Amino acid sequence: MLWTVCILCMTTLGLMILLKKLNQPYLIAYLIAGILLGPYVLKLFTKPEEIEVVGEIGILLLMFFIGMEINIPNKKSLIIKPLLAQGIKILLSFVFAWFIGYLLKLDYKSIVLIGMLFTFNSTAVVVEFLKKHGTIHTAFGIVILNILLLQDLLLAPALTVLKFWNGDEFRYWDFILPLAACAGIFFIFRKIRHLREIKTSYAFIENDHDLQVFTGLFICLGFGLLAEVIGMSAALGSFIAGVIVGKMKAFHWLEHSLMPFKVFFVSLFFVSIGLRMDIPYVLSNYRLIVLGTLVVLISNSVMSSVFFRVLNFKWRDSLYGGALLSQTGEFGILALSIAYKTHIVEYELYKAGLGITCLSLLFSTVWISIGTIFKWRKNGNVISES
């Protein structure tokens, strides 16, 4: 185990140094490290699911930190626009999925699954670039972040549909509980959005670093677990915890205590995605995989740009937003895995979808870098949002 971890750290570090010189995000290093060390190249890791389970903690920590940093929007436009945007995207996604299914003569279940893949984006990738470009706290950045949160809300009904197709008993609670939880979240946010601080006592952990670390992890993971039990996304639960904790100055130390955990676990999550890449299958079907990846990137970019433009954003902002939302995300991989394990889709479609999803995550970083051309003036200043 020690030898394996050392090689993983060495490989990742070398790739990060290279990408830093190329001014590219470290997420690419994690994905490439997973591919190189996976079961089809160096064979250092042969069971991607073992790392994936641990890596999912990184997504919870990532959403927790986002919640701590974000201010709850006061303007109705910052709430209504994401609802309209995601609604338009879902409609366009399923229309495009139907078109693909018609050309390839797929059954309706495969068409719905493809529509789901177009619906979800990668929160980790998009947030990384929003932070890098300094737009996460702007009106445009908040709209995009709220779109990603709405996608987290849609995960529960999407997984319920997949389970129902597998023959599981349909339960109304699977829909009622998430809806009730959403109403509760809206009520909580409405109550605390004008508060500068939620006062609480913290004297017992003020100078105890060990207590601080485990208290922070319990809050983050506990809210994630509660959301998952209700039937929602665990990542959404962690985000809500972050929003509440962000209003408590008593927990200002959490950022310093949990940041190393967040970096490590997020990297493991993306390493696990790289490990899933079936290199022999990709090489033997490279035309299908590459073409599918380009279709995903281009179609997602166009659909996203269209709904941003419909919402009266400038074209340059719309094209930038389209590039940010070009990839399929980690929830798409989850939906694919469940669909394959429950025999909803065949092995070939599962492998093709997995390869396209992995490559879309990998190449979207380059795609977004191209999209930023539309976001910057010639003098290098950020364009103001509409």
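## A guided tour, starting at Ser-110

Begin by selecting Ser-110: leaving aside residues up to four places away in sequence, Ser-110 touches Val-345 and Leu-349. Show those two residues as well to see the contacts. Keep in mind as you go that this is a predicted model.

Is Ser-110 buried or exposed? Its relative accessible area is 6%, under the 20% cut-off, so Ser-110 counts as buried.

**Next stop: helix α5.** Widen the selection to residues 108–119, the helix α5 in which Ser-110 has its place. Most of α5 is covered, with nine of its 12 residues buried. Colour the buried ones to pick them out: Ser-110, Ile-111, Leu-113, Ile-114, Gly-115, Met-116, Leu-117, Phe-118 and Thr-119. Now try a distance between the C-alpha atoms at the two ends of α5, which are 16 Å apart. Why does that agree with expectation? At 1.5 Å a residue, the 12 residues of α5 should span 16 Å, so the model and the expected span match.

**Then: α13 and α14.** Select helix α13 (residues 286–310) together with helix α14 (residues 315–324). Two packed helices are described by the angle between their axes and the distance between the axes. Here the angle is about 140° and the axes are 7 Å apart. An angle over 145 degrees would count as roughly antiparallel; α13 and α14 are therefore oblique to each other. Their crossing is right-handed.

Which residues meet between the two helices? On the α13 side, show Asn-300, Ser-301, Ser-304, Ser-305, Phe-308 and Arg-309. Their partners in α14 are Trp-315, Ser-318, Leu-319, Gly-321, Gly-322 and Ala-323.

**On to helix α1.** Go to residues 2–21, where helix α1 has the highest mean pLDDT among the elements of the protein, 90. Within α1, pick Ile-17. With a relative accessible area of 46%, Ile-17 is partly exposed. Add Ala-29, 12 residues apart from Ile-17 along the chain; their C-alpha atoms are separated by 9.1 Å.

**Last stop: confidence.** Colour the whole protein by pLDDT. The average is 79, and 86% of the residues score at least 70. Among the elements, helix α8 (residues 173–192) has the lowest mean, 73. Finish at residues 377–386, where the pLDDT is below 50. This stretch has 24 contacts in the model beyond near neighbours in sequence. Where pLDDT is low, the predicted coordinates should not be read in detail.

Definitions and conventions:
Residues numbered from 1 in each chain as written. Predicted model: local features only at pLDDT ≥ 70, side-chain atom pairs only at ≥ 80, totals over all residues. Heavy atoms only, no water. Helix = DSSP H or I, 4+ residues; strand = E, 2+ residues; numbered from the N terminus. Expected span 1.5 Å × (residues − 1). Buried < 20%, exposed > 50% of the residue type's maximum accessible area, 1.4 Å probe, protein only. pLDDT = per-residue confidence, 0-100. Contact = heavy atoms within 4.5 Å. Axes fitted to C-alpha atoms, helices over the stretch in contact; angles between N-to-C directions. Parallel < 35°, antiparallel > 145°, perpendicular 65-115°, else oblique. Left-handed = near helix turned anticlockwise from the far one by under 90°.
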